[in-house]
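User: I would like a close look at one part of this model, taken slowly enough for a first-year student to follow. Please keep the answer connected.

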Amino acid sequence: MKKFTLVILSLILIINVLSAQQRWMKTYLPHLDPTCQDLKISYDGGFLLSGRHEPNYPRYNYLLKTDINGEVLWEKTFGDGVNVILPGGLGMNNDGDIYFSGSYGEVGAYDDPMILKLNACGEKEWCYLFPTEGHHDFGFDLAVSLDGGVAFVIAYSGIDYNHDRACLAKFTKEGEFLWKKCYNLPDSVSMSNEIMNDVISTPDSGFL
């Protein structure tokens, strides 16, 4: 009986080791010489990847959805080959809605923060721009909130380029703009060039 138990335990151990070794490696869009900006695990255990690809950086960006084994379910290209899209953040809520943040700029114009929402199939539902006259301003990371909406980081969004450098804007999942808060340091603080790059949601419905 002891030998039988030992054999069973050995088989269980071997199966667990073999299961742990079932790894894979995938290459995506090799003909487009892509760079990867962001990677997220999606609600179904698959993956979301975003970044730029050829030709004509940074005027084309991709979004790619895989299943749990890394097999491509669909892929999208953002951009018209003329205007600039700079990717910043990527996220997904529990409904499968996808958020993509960054900066958008037309040729000869200034870059502006951009937030884009797609459905689970990668089709655009809404997009929002924060235009500022006379200078570049940028969109960075995003965080999906507990209610399925999104907040994303904005920099240099004030009329005065030296103010409103670290801001957060919040939207509902339907695209309603709720608020924008800027966290400017007081003049008494001997610090400058502050910019927020990353943001996460917290269990109390806040952001860090």
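User: Is Phe177 buried, partly exposed or exposed, and what is its relative accessible area?

Analyst: In this predicted model, Phe177 has a relative accessible area of 33%, and because buried means under 20% and exposed means over 50%, Phe177 counts as partly exposed. Its ring is part of a cluster in which ring pairs link Tyr99, Trp126, Tyr128, Phe130, Phe152, Phe171 and Phe177. Phe171, by contrast with that partly exposed residue, is buried at 0% relative accessibility.

To see how such contacts are described, it helps to know that a pair of aromatic rings is characterised by the distance of the centres and the angle of the planes. The count of aromatic pairs comes to 14. One of them joins Phe78 and Phe100, a tilted pair with 5.3 Å from centre to centre and 35 degrees between the planes. This pair links distant parts of the chain, since Phe78 lies in strand E4 (residues 72-78) and Phe100 in strand E6, 22 residues apart. Phe78 is buried at 13% relative accessibility, and Phe100 is buried as well, at 0%. Phe171 and Phe177 also form a tilted pair, with 5.4 Å between the centres and 45 degrees between the planes.

Strand E6 leads on to the sheet, which is open and has 4 strands in the order E5-E6-E7-E8, with antiparallel pairing. Strands E5 (84-92) and E8 (124-129) stand at the edges with a single partner strand each, so one side of each is left without a neighbour in the sheet. The twist averages 20 degrees from one strand to the next. Between E6 (residues 98-105) and E7 (residues 112-118) there are 7 bridges, and Phe100 stands opposite Leu116 in E7.

Definitions and conventions: Residues are numbered from 1 along each chain as its sequence is written. This is a predicted model: local features need pLDDT of at least 70, side-chain atom pairs count only at pLDDT 80 or more; totals for chains, interfaces and linings use all residues. Side-chain values use heavy atoms; hydrogens and water are left out. Two strands pair if DSSP finds at least two bridges between them. Helices (H or I, at least four residues) and strands (E, at least two) are DSSP runs, numbered from the N terminus. Axes are lines fitted to C-alpha atoms, for helices over the stretch in contact, and angles run from 0 to 180 degrees between N-to-C directions. Rings of Phe, Tyr and Trp (its six-membered ring) pair if their centres lie within 6.5 Å; planes under 30 degrees apart count as stacked, over 60 as edge-to-face and the rest as tilted. Buried means under 20% relative accessible area, exposed over 50%, partly exposed in between (1.4 Å probe, protein chains only).
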